[in-house]
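Got your viewer open? Let's take a short walk through this one, one selection at a time.

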Amino acid sequence: MYDLDIDNIAVTYKQNGFVSPVRLISERNAEHHRGLLEEAEAFIGNMHYRSKIHTVHTSPLTLATLPCVLDIVEQMIGPNILLYNVTYIIKEPKSQTHVSWHQDLTYWGLSHDDQVSMWLALSPATLESGCMRMIPGSHLGGRMEHETTEDSDNVLLQGQTVSGINESNANFCPLAPGEATFHHGWTLHASMPNRSADRRIGLNVQYLATHVRQTKHNLDTAMLVRGQDDYGHFESDKPAKSDLDPAAIAHQAFLEDRYVKIAGNQYKEKSSPKRPSLTDMAT
Ligand SMILES: O=C(O)CCC(=O)C(=O)O
């Protein structure tokens, strides 16, 4: 049994719109999972920001479905839980890659906000390496106006940005490997470039309550990870059964393309510039 004060975590989350740090796995285990990621990268190329990565690799699937994580998520969105997306967010050493102030739910097209994201550190996320910053209480005001920006160093698909943030209200969320932040989809957050000599690696996981639906598209996918789904709003993602199975990789390319079209557009499906798929990168 793990040693987490789940009630306290849930109270802090409801009050602030985020909770950090939460120790989920040991530093050693986080290093092990980093090793598994980097072994996969040696074979298939950089895994930064690839969608639905839990359908091609067992390590992110294991981390996203840890019982202690689902127990926490259950306190936040209820007992019937869909795993919507899993992606690594990697800032390479000494890189300009950053994330502008934004709210996650802005362009996802979801019908309700019973959603939470987990960000689990697989390497040190420090002020130097560009850990996340959050504005406490910002989830209570609902959606804020975002503008799209052109900035190739911004991780976000549309460079979506809320301007005029008073950064002196922000809390830094440094994490040691194995610690995580949980944040709500209306919580304003951002992160700065990685000035350190190590990679800053986070596993970013999004969970939805089963009653939430996709309003931009009728073919979106998710995976039931706890409870039951009485709604069936999403087609079911297939969890990775082994690592980097070629059929799973091909399907991930399709899912990623569709995810980018949905989440990467403010209103509805659009054609987007094609990114090389994991398959292209392996060849
Ligand atoms: O990885 C980062 O720096 C930002 C992550 C983020 O925006 C998110 O988890 O929603």
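Which atom of the ligand does a polar side-chain atom of H189 lie 2.9 Å from? Select H189 and the ligand together: the partner is an oxygen atom of the ligand. Keep in mind as you click around that this is a predicted model.

Next, add S191. One of its polar side-chain atoms sits 2.5 Å from a ligand oxygen. Then bring in H102, where an N or O atom of the side chain is 3.3 Å from an oxygen atom of the ligand. Now switch on the surface: the ligand taken alone exposes 290 Å², and the protein buries 97% of that. The space the ligand takes up is the largest cavity.

Now show the whole shell. Around the ligand you'll find I89, K91, V99, H102, D104, W119, M132, H183, H189, S191, R200 and N204. Colour them by type and you get 4 nonpolar, 5 polar and 3 charged residues. Switch to cartoon to see where they come from: β2 (81-91), β3 (99-102), β8 (189-191) and β9 (200-209) each supply at least two residues of that shell.

Last stop: the aromatic rings. Searching the whole structure turns up 2 aromatic pairs. For one of them, select Y84 and F234: the ring centres are 5.8 Å apart and the planes are at 65°, so this pair counts as edge-to-face. Zoom out and you'll see Y84 in strand β2 and F234 in the loop between β10 (221-226) and β11 (235-236), so the pair ties together parts that are 150 residues apart in sequence.

Terms used
Residues numbered from 1 in each chain as written. Predicted model: local features only at pLDDT ≥ 70, side-chain atom pairs only at ≥ 80, totals over all residues. Heavy atoms only, no water. Near = heavy atom within 4 Å. Polar contact = N/O pair within 3.5 Å; in protein donor to acceptor, adjacent residues only side chain to side chain. Areas by Shrake-Rupley, 256 points an atom, 1.4 Å probe, with all protein chains shown as cover. 1 Å grid on protein atoms, 1.4 Å probe; cavity = no way out; pocket = protein on both sides within 12 Å on 5 of 7 lines; lining within 4 Å. Sits in = over half its atoms within 2 Å of the grid points. Helix = DSSP H or I, 4+ residues; strand = E, 2+ residues; numbered from the N terminus. Nonpolar A, V, L, I, M, F, W, Y, C, P; charged D, E, K, R; others polar. Phe/Tyr/Trp six-rings, centres within 6.5 Å; stacked < 30°, edge-to-face > 60°.
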